[in-house]
Every structure is written in C-alpha cells, then in structure tokens.
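Me: Got a minute to look at this one with me? I want to go over the helix packing and the voids.

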Amino acid sequence: MLKEIIISIQSFFDAHKFIVKNKLWKWIIVPGLIYTILFIAGLWLFLVSSNMAIEYIFLKTGVKGWLDRSQDGFLSFLFIVGQVMLRLVLLLFYFSLFKYLFLIIGSPVFAYLSEKTESIIEGKDFPFSLGQLMKDIVRGIRIALRNVLWQTVYIVTILILSFIPLVGWIAPLVAFLVECYYFGFSMLDYSSERNKLTAQQSIHFIGNHKGLAIGNGLVFYLMHLVPFIGWLFAPSYAVIAATLSLLNARKNHVII
C-alpha cells in the first residue's frame, strides 16, 4: 500500500508536467473556477451551521450544563478538545457531501480529462461518442451516490466515537483517511470504466489497491491548504494524476 501511495503522490507532479506540455489549461481553469466558487459557498455554510449544530447537540444532551456545574478543570479541557475533534469530523462530513455534489456536476469534464490523458500517453484514439459520454455520466453519478452512502455510514460511526474522550481524539484522522479513499476511488473509476470494468469489478479492483485511492485523495485535500490557487487546481489535477498513477503502477508492475 505504501508504494501505491508514493506512486499516487508522485503522479501529481507528473500531472503538472503533463498539463503544461499538452496545454490543457482550459480544462483546468474553467472547472477549477466553478469548484472554487462552490467551495467558498460551502465553507461559509459550514461555518454558519456547524456552530448551531454543536451548540444544539451539547445543550440537548445536557453535557454543557453538567460541565458548568462540575467546575472540573480536567473535564473542561476534555470537553474543549472533544469539541474541536467534533468540529473537524463535521467539517469532513460537510466537505464530503459538497465534494460528491461537485463530482456529479463535473463528471462529464472529469471523464473527458481522464480519457484525454490516457489517449495522449498511450497513443490511443478514443473517438467521441455522445452515447458513451452519457454512460460515463450515469456511471459517475451511480458511483458517487454509492460512495456517499457508504462514507456517510462510516463518518456517522466515527462521529459517535468522537464523543468518547481520548479515543475520539483520533476520530478526525480516521475520518480524513476515509475521505481520501473515497475521493480517490471516484477519480480512479473513470479509468476503470474506460477499461471495460463493471462498477462491481471497479469496486473490487480499487479495494485491492487502496493506496492509489488514498494517495490521490491525500494530495487533493492538502492542495486546499493553499487558498484559491490550490482550490482552483485540485479537482482537475486529481483526475489526471489518478489516470497517470494507474499507468505508472502498471509500468512499475505494482498492479497487472
């Protein structure tokens, strides 16, 4: 898995060189601008609603009143740390829902970028087909809905664990790795579909190569630490890097 993660991370650097060499900037900038606008709107919505949600949870459960009465410094410290962990898990959950919305909207562009990348690298010609494009869009939506369902199950479980002192402190890390995996899964599935894998076969294949998915999602999220520029480039770089990572993994005999 570690080797696959390294290959996936290196593929982002390869993606940058590939984009520059083949002058694909219009396919990077346009979806990137849409993504950035939606991301800023989603972030604002999270900041407004998360405070209300956390306050509601602690008031309804009586935890806040109990802490105020106990006046225990250590318990108050645990409460503050737990609140931070809960907020981080909620942030990942919000971001997950936003991400899948964008994946559904952007599936035609992402399918094209993945196809274009493999076409240039392998020297293959994938003639345009409206019917195939519609199949790609429907499959992308189905995979996104399937992934958001399973990821929600995992995140809700992690959210419950985040209320447990000490154990809950690692909840954001676990939630982050789950988020990375499912995002990378969506990026890799475009190549799986093009190679005639059914949705079930793709699920099995990517499940056996989790490192490629986790590495892709990891760099995608780290790019968000660079405001605006990172947000602009992250989506399209991720889909090109995912395509290159599969080709590189085959070249290095990591996968067959």
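Reply: What follows covers a pocket, two cavities and two helix contacts in a predicted model.

Me: Pocket first. What volume does the largest one have?

Reply: About 540 Å³. Its lining counts 21 residues. Phe 39, Leu 43, Leu 91, Leu 92 and Phe 95 lie nearest the centre.

Me: Which helices supply at least two residues of that lining?

Reply: Helix 2 (25–61), helix 4 (73–122), helix 6 and helix 8 (210–222). Helix 4 has the largest share, eight residues.

Me: And the lining by class?

Reply: There are 19 nonpolar residues and two polar ones. No charged residue lines the largest pocket.

Me: Now the cavities. How many of 30 Å³ or more?

Reply: Two. The largest has a volume of about 60 Å³, and the second largest about 50 Å³.

Me: What lines the largest cavity?

Reply: Leu 103, Gly 140, Ile 143, Ala 144, Ser 186, Asp 189 and Tyr 190. Helix 5 (130–161) and helix 6 each give two or more of these. By class, that is four nonpolar, two polar and one charged.

Me: And the second largest cavity, what lines that?

Reply: Tyr 35, Lys 99, Phe 102, Leu 103, Phe 110, Phe 183, Met 187, Phe 220 and Pro 235. Helix 4 gives the most, with four residues. The lining has eight nonpolar residues, one charged and no polar.

Me: Switching to packing. At what angle do helix 6 and helix 7 cross?

Reply: Roughly 125°, with the axes of helix 6 (171–194) and helix 7 (199–207) coming within 10 Å. The two are therefore oblique to each other. The crossing is right-handed.

Me: Which residues make that contact?

Reply: From helix 6, Tyr 181, Phe 185, Leu 188, Asp 189 and Ser 192. From helix 7, Ser 202, Ile 203, Phe 205, Ile 206 and Gly 207. Six are nonpolar, three polar and one charged. Asp 189 is also in the lining of the largest cavity.

Me: How do helix 1 and helix 8 pack?

Reply: At about 40°, with their axes 7 Å apart. That makes helix 1 oblique to helix 8. This crossing is right-handed.

Me: Which side chains from helix 1 (2–22) are in the contact?

Reply: The helix 1 residues are Glu 4, Ile 5, Ile 7, Ser 8, Ile 9 and Phe 12. Helix 8 brings residues including Lys 210, Leu 212, Ile 214, Asn 216 and Phe 220. The contact as a whole has nine nonpolar, four polar and two charged residues. Phe 220 also lines the second largest cavity.

Conventions:
Residues numbered from 1 in each chain as written. Predicted model: local features only at pLDDT ≥ 70, side-chain atom pairs only at ≥ 80, totals over all residues. Heavy atoms only, no water. Axes fitted to C-alpha atoms, helices over the stretch in contact; angles between N-to-C directions. Parallel < 35°, antiparallel > 145°, perpendicular 65-115°, else oblique. Left-handed = near helix turned anticlockwise from the far one by under 90°. Contact = heavy atoms within 4.5 Å. Nonpolar A, V, L, I, M, F, W, Y, C, P; charged D, E, K, R; others polar. 1 Å grid on protein atoms, 1.4 Å probe; cavity = no way out; pocket = protein on both sides within 12 Å on 5 of 7 lines; lining within 4 Å. Points joined across faces, edges and corners; volume = space filled by probe spheres on them.
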